[in-house]
Amino acid sequence: MLVSAELEQQAIAWRRHLHAHPELSFEEHETTRYIEQALAEIGGLEIQRPTETGIVARLHGGRPGKTLALRADIDALPITEETGIEFASTRPGAMHACGHDGHTAMLLAAAKVLVGRRDELAGEVRFLFQPAEEVPPGGARVFVEAGVMDGVDLVVGAHLFSTVAVGKIAAPVGPLTAAADIWDAEVQGKGGHAAMPHQGVDPIVVASEVVLAFQQVVSRSVDPIKSAVVSVTRFEGGSAHNVIPEAVKLAGTVRTFDPEVRATVRAGMERVLRGVTEAHGAGYSFDYVEGYDPVINDAWAAELVRAAAVSELGEDILVEQPPIMGGEDFSAYLARAPGVFFVVGAGDQGWTPHHHPRFTIDENALRNGIAVFVRTVLDYLGTGP
Ligand SMILES: [Zn+2]
Ligand SMILES: [Zn+2]
């Protein structure tokens, strides 16, 4: 038994404290101090503060070997909690509504177990408590730039999912979360009197054609076996019944998994904007910002975690998890080392979606996540039989 009842209670207590005291992205000062204190109490760890918020702890095994990084994110969301639970957020406008409080607690607990078994390890376990997962460009990128991935051979992270039943784990091979890009565009016409459209260039009509032609970028340019979403989420222009405006502003998001598809969609959108506006004598601007890269799990790393889950929690623990169109900045670590991001089922009946004011997790999920983290480390760095 890797996770004692006592450790499970400790993990729940850590999680509840964090839940009651959430802090927003890049503002996790108290949270960082709390984690630092917990790590100091565990002892036997080399603690560093690579960035203003967030913290890294290194555990050196009994012998030299490979380096395995484990990652938790620590930030909360700008949401006012409505769960009514006894350890609900004490701060209006801030809530752990994505489960990052649970991620932090699981990683602290894994550190506690592994410190006690350091003699069985060859190499280093690096615990990454990362700030600001929720706000692009994301804390992972800042952490990577600060050098936290230097020398890392394998990186493993996890997310509690309310959409997956508690008691289940998923570690899919290949894509798990999408590239989440945002864009802004402007169609520039020539305004004037609404009764004399021939004297100007009507940007509303041109922008409408752009929006419709965008729909064909995915349906006609992308391999139908692959996935992509182009959504126009803003269409803004005009101010009166009898005035043709000068310009229309458009904005939206693009979600993809495959880098080639991502490039195809971006280029296709620009081509549409250029072509349609030119056809009607209008101008345009296009500002495309790449968000988090997709999380794509390495096959052998996913297999390592799946085997760890089965050996600790039984054959029935594994479920399949199809890719989701949400974004995750764990991808910034995967750009530096092979790795896997696994899913810890934390939902019960009547689950609520992530990022919702009534989001909750089933705390029985924590022990499963801890067990998988610890077993993965023992299997990868272990010197035992
Ligand atoms: Zn989130
Ligand atoms: Zn999250």
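**Exercise 1.** Work out what arrangement the 4 donor atoms around the zinc ion (ligand 1) make, starting from the angles they subtend.

*Solution.* The angles subtended by the 4 donor atoms at the zinc ion (ligand 1) run from 51 to 149°, and therefore the arrangement is irregular. That word covers whatever fails the regular patterns (four donors are tetrahedral with all angles between 85 and 135 degrees; four are square planar and six octahedral with opposite donors over 155 degrees apart and all others between 65 and 115). The model is a predicted one, in which local features need pLDDT of at least 70 and side-chain atom pairs count only at pLDDT 80 or more, whereas totals for chains, interfaces and linings use all residues. Residues are numbered from 1 along each chain as its sequence is written, chains are lettered from A and ligands numbered from 1 in the order in which they are written, and side-chain values use heavy atoms, with hydrogens and water left out.

Next, identify the donors: the protein supplies C98 (SG), E134 (OE), E134 (OE) and H355 (NE2), at 2.1 to 2.8 Å from the zinc ion (ligand 1). Donors are N, O and S atoms within 2.8 Å of the metal (3.2 Å for Na, K and Ca), and sites may look incomplete because water is not among the atoms.

Finally, place these residues along the chain, where the donor residues of the zinc ion (ligand 1) show the spacing C-x35-E-x220-H. E134 sits in the loop between β4 (122–130) and α4 (139–145), and H355 in the loop between β15 (339–347) and α9 (364–381), so this pair ties together parts that are 221 residues apart in sequence. Helices (H or I, at least four residues) and strands (E, at least two) are DSSP runs numbered from the N terminus.

**Exercise 2.** Find which residues coordinate the zinc ion (ligand 2), and which residue coordinates both zinc ions.

*Solution.* Begin with the coordinating atoms of the zinc ion (ligand 2), which are C98 (SG), H100 (NE2) and H159 (NE2), at 2.2 to 2.5 Å. Along the chain, these donors follow the pattern C-x1-H-x58-H. C98 is in the loop between β3 (63–73) and α3, while H159 belongs to strand β5 (residues 154–165), and the pair links parts of the chain 61 residues apart. The last step joins the two sites: C98 bridges the zinc ion (ligand 1) and the zinc ion (ligand 2), which are 3.1 Å apart.

**Exercise 3.** Describe how helix α2 packs against helix α3, and then how α1 packs against α2.

*Solution.* Take first α2 (residues 29–42) and α3 (residues 100–115), whose axes lie 10 Å apart at an angle of about 15°. This makes α2 roughly parallel to α3. Their contact (heavy atoms within 4.5 Å) brings I35, A38, L39 and I42 of α2 against T104, L108, A111, K112 and V115 of α3. By class, these residues are 7 nonpolar, 1 polar and 1 charged.

Turn now to α1 and α2, which pack at about 160° with their axes 11 Å apart. This makes α1 roughly antiparallel to α2; the cut-offs are under 35 degrees for roughly parallel, over 145 for roughly antiparallel, 65 to 115 for roughly perpendicular, and oblique for the rest. From α1, residues A13, W14, H17 and L18 meet T31, Y34, A38 and I42 of α2. The contact of α1 with α2 holds 6 nonpolar, 2 polar and no charged residues.

**Exercise 4.** Locate the peptide bond between P136 and P137 and state whether it is cis or trans, then find where F26 is placed.

*Solution.* The bond from P136 to P137 is cis, with omega near 10°, and P137 lies in the loop between β4 and α4. F26, in turn, is in the loop between α1 (5–20) and α2, and its phi is near 65°, a positive value in a residue other than glycine.

Methods: Axes fitted to C-alpha atoms, helices over the stretch in contact; angles between N-to-C directions. Nonpolar A, V, L, I, M, F, W, Y, C, P; charged D, E, K, R; others polar.
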